[in-house]
Amino acid sequence: MSPAALTRRARLPRGEGAWAWLAAGSVALSLLLLGGLLTLIAVRGLAHFWPASVSLVELDDGQVFAGRAVRELPLPAADGASGGRERLYFTGNRDLDGHVWQWVEVDRIVESDRPRELVVMERLRHGDFIGRLVDVRPAGQTGARTAAGGEAAWAALQARLAAVDALRGERDDLQHGVIQPLVRRLEKDPGDGAAQRRLAETNERVRGLQESMRRDVVVLESADGRRLLLTLDEVLRAWRPNAMPLPEKIGAWSRGVWRFLSEGPRAANTAGGVWPAIFGTVLMVMLMSLLVTPFGVLAAVYLNEVAHQGRLTNWVRIAVRNLAGVPSIVYGVFGLGVFVYGIGGSLDEWFFSDELPSPTFGTGGLLWASLTLALLTLPVVIVATEEGLVRIPDHQREGALALGATRLEMLTRVVLPMAVPAMLTGVILAVARAAGEVAPLMLVGVAKLAPQVPVDGEFPFLHLDRKFMHLGYHVYDTAFHGDDIQAAMPVVYATALLLVLVVVVLNLTAIFLRHYFRARHGALSRH
Amino acid sequence: MPELPLSQPSQRSDASRLESGRPNSAGPIIDFAPDVSCLDVEGLSLAYGGKPALRDLTLRVPRHRVTAFIGPSGCGKSTLLRALNRLHDLNEAVSRQGSIRLEGQEIHAPEVAVDELRRRVGMVFQAPNPFPMSIYENVAFGLRLQGGLTRRRMNDIVEWALEAAALWDEVKDRLRASAWSLSIGQQQRLVIARTLAVRPEVLLLDEPASALDPISTLKIEELIRSLKSQLTLVLVTHNMQQAARVSDYTAFLHDGELVEYAPTASLFTNPRLARTENYITGRMA
Amino acid sequence: MTKPFPASPAHRSPRRHLLDRLATGLIAAGGIGVILAVLAIGAFLAIEVVPSLFSGALGQEQITLSLSPLAWGTLKAAFWALVFAVPMALGAAIHSAVYMSPGLRSRIKPTLELMEALPGVVIGFVAGLVLAPWVERHLAGAFALLLVMPLGILMAGGAWRWLSPALRQRLPLAWAGLWLVPWLAMLGLAALELVPWLEARLFAGDLRGWLDAELGIDYASRNALIVGLAMGFAVMPSVYALAEDALSGVPSSLGEGAQAMGATRWQTLWKVVLPAAAPGVFAAVMIGAGRAVGETMIVLMASGNTALMSLSPLEGMRSMAAGIAIELPEAVAGSDSYRLLILAALLLFLFTFLVNTLAEVVRSRLRRRYRRLGDLS
């Protein structure tokens, strides 16, 4: 071997071996999986609101349809050769076709283009319509087109839809603001004459509004030429995705996101927004933090500052720590058995006996859910607060005591203020865990559909006994208990994205706080 | 410095000889008359979880003087200091026998409120431990605990305490700044000011300058000397030059026992026992 | 000389003492109360179930019949979750404790902490409704990925040694956790492109049909492998965090001694660090097992919930937690099925509590040992 080869060999680094690379690969792989999952949810969740273009497709057998391409897959090949690809279209028009999806072999497509005049229409019933707009006219009229087709009809439709939208808003306000409270009042006191009169009046007004919403009809035509007549109150929105320039699409996209966040669900949760679920989640989590913070801090202060530091305290500490590892479903069982059946049942017997056998507190509800989750997250808060208390150097405590402070004064003036970031970290982690937790809620009070949010203008304003909607449960329920899972998927993705965002933001806050807290204490213990 | 009356007439002459540097024939441990003694420690034994830290210790600390405790680390000097304001109460593993009297009153008596005792016997620790508040709030901390002070009076006392701790000129323009923004030396003087503000009768200093640079150390030493006109100071230090510079009396502890206790000059120039001499000449760690 | 002391202020001691004693009492009462309430969970479950066990209201046979499929399903799901999670978690822990650059490590740890916080319902949804159908369609591709990923990593390691020193410096092992990501993504995509061709050659284009026809293996779309993968994903971060703590807690003097004698870092790890940290790593795996056994939503959504007792990883199962979530809301309080489900909850509670206690005791022993070792050096 030449000397040059020797040095060449010597310059090769001494390897760490295959295992070291497999270890490095595990990190890479978990990052890849995490990134992949988050990207998938983010892309699919956000794409739901994008007004995607619609194609007009003609097949080799002469069939014509309009639809949005969703995805494409290779066909299983029978004889070893490549089997080509097939494409899934969302075609809408459930009322005309009886289905909304269509798989098409790509090879069979003769022509596919994107004419500007294709309209997508979001309707109250039967889901979306995809096709052409023919005419907009008053309901009674028949016969020839009034507007000269395309653009003019489109402009007319937009104007009418805006008007209908205003009427719908007025009607919904009446329904929620006037009719529902009146109905509830009449349930309690059927003899209330004034209320009955007002109810009748308002119902009359609502009928009037509905009448004027139905005044116009829109004439539609599917891609293969079938006509459809719709009264305008059936139509929520209409857009022409192929004719929209990018800025307009972005605008429509952000309006879609906003509607998703601010509106209630429709069509068995497969369309519309998730506002009640957001509200329910936030309210439940807020109640939970109100319960968990004082008690968690109290327990931590007791364990760390007051209790005799002996073997028993150590065992209790380990036990509390371990309860954080007990499955959440077990907490749910406890909540159901103790809170709902035990305490709730007794409350019903004592205070709500006239409403039995229909339970008031003896069934799952907001209060029991918050309590159960508070119990579930107590260990988190206790552990985090204790960690903060342990990190406070003893000489701070001694400094306070040496000035003649009592233990209470030492705690409230020196120790607790210094532990605030740790407590906050604990509470935020608790909130993040509670926001994502679904299993126990299925036992103690979550609902598939609860359009009545648990807060309203009626005494006592906050209805702790009501069931509520929850983002996590919404994901589960919509994904698994719908009729058309394929159609519900976009909503599920969007809801999952929202839930992940909430949890991630909360966790990042906690991580940041903890980091800040440790940095500050590092500065403190320097001397 | 006037001489202090010692407990027995026979020792009085010894003490005067001691102070002038002559050999002491009356034994290695000096004793003071009860009326000049501020703190009386009698037969004090302390154990941490069964491990003895102090063994049957008896000594008196004279009023308005600086008394230093020296000795190798682990000798019990800090333990003794912390016993003087009952900081060991926090630790349940500590068991104690014997008595400590402050101005003739037993500090472990049930009617003594420990927080009141700690106010009267203030303490400054090795590492400065200002609270995470403003400079002003740090000094006012002890005052606020007692309450009943008008704002003006509070301001007066804070100013007085900061002046007494020789810090006023450095911080008077930024009283609202965080105490943690001060230098370590300033922080230690702030802690002394904070302690002075509640007007203790005794000030215990546990190696108050060990974390400081030489200039800050010098300032603290000056401060200690200037304070003894107003209160009794007890200083624990591992630095013998420091003990020699600032203290009037020095006690040498070893292995939980009081070995020698004498006027500082005499102890350093003319130790009576070989053990003491070994230590102060550096032959024993 | 300092000015004299200002006059002494008034004291309010008695009230302060009263307040102090009151507050201390309140804190103690509250603290004990809270702790008792938290500990009451086990007591409640026991009180609900144990009497009916002794009185014979719940027969042995009934319990065996209704709970054993659930117990089987639970263990099966947990087993497959650990099969995926433990190698990955330990590998990642080893890499980040021994090789990773500190800068990257301080970013990776919180990232994986975030992974731990992802709601189970989201992971379950993706596993049950996205991954399961996809794998069903691309069975061969999925198996290929399981094979390609480790091979790709080894290939990268082998190739790295032959890179030019300049390139090696730009792609150090300390950052491999990051720069391997695009490499693996690329490999994965390439594999997925190639697999249909291979499948057509080897399995007549339909691996699933081939499995059924040739080996008699039934493939359920929501099966133990899917559950294992999803739950492994959920469990992996907590195992990683605890194992990493144990490994990086080993006093560095121990490893330095071995390295000074010329051992590679891997040899040091294997011979010195890992034995020292073994109890901590064991505790991490135990806690992972506890989580896998109790996880509800992922199993509920990705397992198909058929109460089967089969060994095949390609068939579904039903776990205790999922069974409770589905059946308990419908069970009438006090009925037999209610009691059985509470018994299932009690078993879950006991199992996770014991496992966690064991892990915690092992960990605290280990911490003490590290402290001693650290003191010695």
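**Figure 1. Where the two domains of chain A meet, with no salt bridge between them.** Let us start inside chain A of this predicted model. Across the interface of domain 1 of chain A and domain 2 of chain A, zero salt bridges are found. The tally of residue pairs in polar contact between domain 1 of chain A and domain 2 of chain A, both at pLDDT 80 or more, is also zero. To find your way, look for α4 (150-188) and α6 (246-262) of chain A: these are the elements that give two or more residues to the side of domain 1 that touches domain 2. Of these, α6(A) makes the largest contribution to that side of domain 1, with three residues. Sorted by class, the side of domain 1 that touches domain 2 has four nonpolar, one polar and four charged residues.

**Figure 2. The extent of the two domains of chain A and of their contact.** The domain assignment places domain 1 of chain A at 55-262 and domain 2 of chain A at 275-526. Nine residues of domain 1 and twelve residues of domain 2 take part in the contact. About 880 Å² is buried between domain 1 of chain A and domain 2 of chain A, and carbon and sulfur atoms give 50% of that area.

**Figure 3. A salt bridge joins chain A and chain B.** Here you can look at Arg82(B) and Glu398(A), which form a salt bridge whose closest N and O atoms are 2.4 Å apart. The interface of chain A and chain B has one salt bridge. There are also three residue pairs in polar contact across this interface, counted with both residues at pLDDT 80 or more. On the side of chain A that touches chain B, the elements that give two or more residues are α11 (394-402), α12 (407-436) and α15 (485-524) of chain A. The largest share of that side, seven residues, belongs to α11(A). The side of chain A that touches chain B is made up of eight nonpolar, eight polar and four charged residues.

**Figure 4. The footprint shared by chain A and chain B.** In this view, 20 residues from chain A and 29 residues from chain B make the contact. The area buried between chain A and chain B is about 2,100 Å², with carbon and sulfur atoms giving 67% of it.

**Figure 5. Chain C against chain A, with helix α1 of chain C in view.** Turning to the other partner of chain A, we find 98 residues from chain C and 95 residues from chain A in the contact. Between chain C and chain A, about 8,400 Å² is buried, and 80% of that comes from carbon and sulfur atoms. The interface of chain C and chain A holds zero salt bridges, while three residue pairs are in polar contact there, both residues at pLDDT 80 or more. A good place to begin is helix α1 (residues 13-54) of chain C, which gives 20 residues, the largest share of the side of chain C that touches chain A. By class, that side of chain C divides into 70 nonpolar, 19 polar and nine charged residues.

**Figure 6. A salt bridge within a helix of chain A.** Arg391(A) and Glu387(A) form a salt bridge, with the closest N and O atoms 4.0 Å apart. Both residues lie in helix α10 (residues 366-391) of chain A, and because they are four residues apart there, about one helical turn separates them. Over all chains, the structure holds 39 salt bridges.

**Figure 7. How confident the predictor is, chain by chain.** For the complex, the predictor gives an ipTM of 0.86 and a pTM of 0.80. The average pLDDT of chain A is 80, and 87% of its residues score at least 70. Chain B averages 82, with 89% of its residues at 70 or above. For chain C the average is 81, and 94% of the residues score at least 70. Within chain C, confidence is highest in helix α9 (residues 224-249), at 88, and lowest in helix α8 (residues 207-215), at a mean of 72.

**Figure 8. Stretches where pLDDT stays under 50.** In chain A, residues 1-12 stay under 50, and the model has seven contacts beyond four places in sequence for them. In chain B, pLDDT stays under 50 over residues 9-25, for which the model has 25 such contacts. In chain C, pLDDT stays under 50 over residues 4-10, with 18 contacts beyond four places in sequence. Where pLDDT is low, predicted coordinates should not be read in detail.

Conventions:
Residues numbered from 1 in each chain as written. Chains lettered and ligands numbered in written order. Predicted model: local features only at pLDDT ≥ 70, side-chain atom pairs only at ≥ 80, totals over all residues. Heavy atoms only, no water. Domains from an automatic or database assignment. Contact = heavy atoms within 4.5 Å. Buried area = accessible area lost by both parts, 1.4 Å probe. Salt bridge = Lys/Arg side-chain N within 4 Å of Asp/Glu carboxyl O. Polar contact = N/O pair within 3.5 Å; in protein donor to acceptor, adjacent residues only side chain to side chain. Nonpolar A, V, L, I, M, F, W, Y, C, P; charged D, E, K, R; others polar. pLDDT = per-residue confidence, 0-100.
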